[in-house]
Amino acid sequence: MGARRFILLGPPGAGKGTQSALLVESLSIPQVSTGDLLRAARKAGTDLGRKAQLFMDQGHLVPDDLVLSLVEERLSRDDAKGGYILDGFPRNLAQADALDSRGIVVECVVNVDVPFEILVGRIAGRRVCQGCGATYHATNSPPRTEGVCDACSGSVGQRKDDDAAVVESRLKVYASETAPLIDFYKKRGILRDVNGLGSTESVYQAVLAALGS
Ligand code: AMP
């Protein structure tokens, strides 16, 4: 089979990261999360990371040229030759056009649908390991020891942009910039809607069915 390329689309807090991590295991292709790539660039203190910082902390999109250069570098690596799951990219029509203009053909776009009022609670409770990136929820699925990652014993805390004020801006940006991609890919006939409510496992089964895997 040729390279399998997918996009996971959905608002912040829809569970794209959680589902991508499961898909990586079963499909043996990497997850390419622009949010993770940007956070890694910040942590490494690169020029790009510094430029991205303010946009991220305010819940705005990082300028396309910065994001595209990161994505281009990531997709050129050997492990992406057999395909990948794009998580959090494209985030607007210009980024979707950039994929097209590079001749990147995506098999299917899974739109993980979660009502806005649920997202706020999910994001407010989200906790992330600063070491390995494992995600938890303060009340629904906390780590065994508060603040300590079950998997790597790293420090578990809240992402700066998961703060309530920033979340509001991220959700607005999603509605105005990213949601138009739903129609964009629907018209192309490759959009599959998945209900993002329910257990991780039940959503995962729905995602697999949407991918035809
Ligand atoms: P995420 O982890 O996907 O929620 O992304 C966190 C933040 O990184 C977003 O709020 C944006 O500031 C930035 N970001 C992630 N992906 C993109 C993208 N494709 N285009 C622009 N900004 C992005």
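How many nonpolar, polar and charged residues does the shell around the ligand have? Select the ligand and its neighbours and you'll get 6 nonpolar, 5 polar and 5 charged residues. Here Ala, Val, Leu, Ile, Met, Phe, Trp, Tyr, Cys and Pro count as nonpolar, Asp, Glu, Lys and Arg as charged, and the others, Gly among them, as polar.

Before you click on: this is a predicted model, so local features need pLDDT of at least 70 and side-chain atom pairs pLDDT 80 or more, while totals for chains, interfaces and linings use all residues. Numbering runs from 1 along each chain as its sequence is written, and side-chain values use heavy atoms, with hydrogens and water left out.

**Stop 1: the ligand**

Stay with that shell: 16 residues surround the ligand, the closest being Thr34, Arg39, His60, Gly88 and Gln95. A residue is near the ligand if one of its heavy atoms lies within 4 Å of it. Colour helix 2 (residues 34-44) next; with 4 residues, it gives the most to the shell. Helices (H or I, at least four residues) and strands (E, at least two) are DSSP runs, numbered from the N terminus.

Now for some distances between N or O atoms. Show the side chain of Thr34, where an N or O atom sits 2.8 Å from a ligand nitrogen. On His60, pick the backbone instead: a polar atom there is 2.6 Å from a ligand oxygen. Over at Arg159, a side-chain N or O atom is 3.2 Å from an oxygen of the ligand. The protein buries 95% of the 480 Å² that the ligand exposes when taken alone; such areas come from the Shrake-Rupley method with a 1.4 Å probe.

**Stop 2: a cis proline**

Jump to Phe89 and Pro90, which are joined by a cis peptide bond with omega about -5°. Pro90 belongs to the loop between strand 3 (83-87) and helix 5 (93-101).

**Stop 3: positive phi**

Try Ser28, in the loop between helix 1 (16-27) and strand 2 (31-33). Its phi is positive, about 55°, although Ser28 is not a glycine. Ser28 is exposed, at 63% relative accessibility (exposed is over 50%, buried under 20%, partly exposed in between; 1.4 Å probe, protein chains only).

Then pick Ser153, between strand 6 (135-137) and strand 7 (156-157). Phi of Ser153 is also positive, near 65°, and Ser153 is exposed at 57%.

**Stop 4: Ser202**

Finish in helix 9 (residues 200-211), where you'll find Ser202, partly exposed at 37%. A polar atom of the Ser202 side chain lies 3.0 Å from the backbone oxygen of Ser199.

Terms used: A polar contact is a pair of N or O atoms within 3.5 Å; within protein, one must be able to donate a hydrogen and the other to accept it, and residues adjacent in sequence count only if both atoms are side-chain atoms.
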